[in-house]
Amino acid sequence: MGKRIVVDARGSSCPGPIVELSKAYRNAAVGDVIELWATDPGVKADTQAWAEKTKNKIESIKEDQDKIIIVIDIENR
Amino acid sequence: MEKIVIVGGGAGGLILANSLDPKKFDITVIDKSPITIFQPAYLYIAFKGAHANITKPIRSILKKGRKFIEEEVIKIDLEERKVYTKNNSYSYDKLVIATGTITDTSKMKGLKEINDQFGDYHTNIENAQKVWKSLNNFKGGSLIIGMSSPICKCPPSPLEGAFLAEEFINKKGLKNKSKITFFTPYPRAYPSEPINEVIEPLLKSRNINIMTFFDLDYIDTEKKTIYSIEGDEISYDLPIIIPPCVGVNIEYNPSNVLDEDRFIKADKYTMQINGFDDAYAIGDATNIATAKSGVTAHLEAKVLANRLNGIDDKFNGRTNCPFDVGYGKGTFVIGSYTQPVVKYPPTRIKHMMKKVMQLIYWQSLKGTFDFAFDIFFKMTDPEKLNKKYK
Ligand SMILES: Cc1cc2nc3c(=O)[nH]c(=O)nc-3n(C[C@H](O)[C@H](O)[C@H](O)COP(=O)(O)OP(=O)(O)OC[C@H]3O[C@@H](n4cnc5c(N)ncnc54)[C@H](O)[C@@H]3O)c2cc1C
């Protein structure tokens, strides 16, 4: 089991969350899970494009009251 | 009298010092350098071979009644309220940090070598001159302009470099023999979508290739190839790569006022450093989520001057970054914390406005054109513009 990395990018708007995600990805390894928190709605499409590009898997996209939570399995790094 | 120490005599520090009344405050600016530089001109040194003098002595910009100390700050103790240089220490009632950023080529393998060889246009005058030399030695092949990190001074400047490089290559008749590629860690050429809709078609019409989601991993200088952590690669003949932009090397107590890139964590409305009511950070030195630009430093300095005078002013995140798209045209990236970036089309007039800024820059640090800026910022209010340009 890898580590679970929580990336809190709430409040930063386009392209903030992706910047935070790619910073976390730099230090991640295969088997890790990145949990991205964001408020900017653009994050969903951008993260999907990012995951396709980097060949990583989006486990889930959930919305709770104050944030969007995207869970990504790192399968490629 | 309240003692205000400002560390850094660049755009933000000087505008603030000149905006405060020396009859009300005891104002000291500390800078390691005797001169201040008009950094936007790096772009024109690098891509047009510009020769104009772009420096001025800090003392000549500071208005009467402000003190200047030329020393390098090495440590700031926010608990003890002390600023340390190599030989002295200074205490303060209120502290303002305006130390800007530096570039760091040590972060990625191969980056220092290619930076030494080809230069860049975000570090200093010498490196910008090196880019101009490299361009003039270029005989065709693969020309790369790229951002090695998502954080960069003046967000349009990476793409401005790509546009001006294309103009240069085209005018020299090398376009048929060359391929120009722009790489960025962002999902699109320009991170914010509305202005990207204006910029991307222009890049395409000039045959500038765009590689998105390209986070520089390392450079193999023998194979002349750049690799990304996403798994892409590009080979180069002339690579002009903007090194990562980070905060300066000052030690802080407590150290947790810095983020992992050494930017100072400050409140985006008040510029107050997290956890301290007597210390502030303005301009490029902060982690505030807005453009690292002279305009931002200017507006933050004005808000902070009001706050130090007891007026409850707040910074609204306004950006106004000029964007040179080559061939004498330009636009601006205008937005704020509450307004999305305007889809603002390039024109000749907007490019001329950027040129005017260079002419009035030194005077604007003294506050001479404050009235004109007020009018300009009102005329280009993003809320108003967003209604017009949809
Ligand atoms: C290519 C390029 C194009 C640009 N174009 C534009 C543009 O068109 N419009 C725009 O608004 N902005 C532009 N900018 C950005 C603009 O130059 C900066 O955002 C602006 O200078 C920031 O001001 P500042 O006061 O935060 O920092 P700076 O102006 O960088 O000043 C920082 C000061 O702190 C001092 N310092 C640092 N460390 C220490 C220390 N340890 N001790 C003492 N002193 C120290 C430095 O010597 C320096 O004088 C551009 C920048 C570049 C590189």
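Trainee: How far is an oxygen atom of the ligand from a polar backbone atom of Ala11(B)?

Mentor: Keep in mind that this is a predicted model, where local features need pLDDT of at least 70, side-chain atom pairs count only at pLDDT 80 or more, and totals for chains, interfaces and linings use all residues; side-chain values use heavy atoms, without hydrogens and water. Residues are numbered from 1 along each chain as its sequence is written, while chains are lettered from A and ligands numbered from 1 in the order in which they are written. A polar contact here is a pair of N or O atoms within 3.5 Å. For Ala11(B), the distance to the ligand oxygen is 3.3 Å.

Trainee: And which residue has a polar backbone atom 2.9 Å from a nitrogen atom of the ligand?

Mentor: Set Val295(B) aside, since its backbone N or O atom lies 3.0 Å from an oxygen atom of the ligand. The one that pairs with the ligand nitrogen at 2.9 Å is Val73(B).

Trainee: How much of the ligand's exposed area does the protein bury?

Mentor: Accessible areas come from the Shrake-Rupley method with a 1.4 Å probe. Taken alone the ligand exposes 1,000 Å², and the part of that buried by the protein is 93%.

Trainee: Which element gives the most residues to the shell around the ligand?

Mentor: Helices are DSSP runs (H or I, at least four residues), as strands are (E, at least two), numbered from the N terminus. Two or more shell residues come from each of α1 (11–19) and α8 (294–308) of chain B. With three residues, the top contributor is α8(B).

Trainee: How many charged residues does that shell have?

Mentor: There are 30 residues around the ligand, with Gly12(B) and Asp31(B) among those that come nearest; being near takes a heavy atom within 4 Å. Asp, Glu, Lys and Arg count as charged, Ala, Val, Leu, Ile, Met, Phe, Trp, Tyr, Cys and Pro as nonpolar, and the others, Gly among them, as polar. Beside 11 nonpolar and 11 polar residues, the charged ones number eight.

Trainee: What is the volume of the largest cavity?

Mentor: A cavity is a set of points on a 1 Å grid over the protein atoms alone where a 1.4 Å probe fits but cannot get out, and its lining residues have an atom within 4 Å of a point. Volume is the space filled by probe spheres set on the points, which are joined across faces, edges and corners. Thr99(B), Tyr252(B) and Arg262(B) are among the residues lining the largest cavity. Its volume is about 50 Å³.

Trainee: Which residue is joined to Asn253(B) by a cis peptide bond?

Mentor: Most peptide bonds are trans. Here omega is about 0°. The partner sits in the loop between β19 (251–253) and β20 (279–281) of chain B, and is Pro254(B).

Key: 1 Å grid on protein atoms, 1.4 Å probe; cavity = no way out; pocket = protein on both sides within 12 Å on 5 of 7 lines; lining within 4 Å. Polar contact = N/O pair within 3.5 Å; in protein donor to acceptor, adjacent residues only side chain to side chain.
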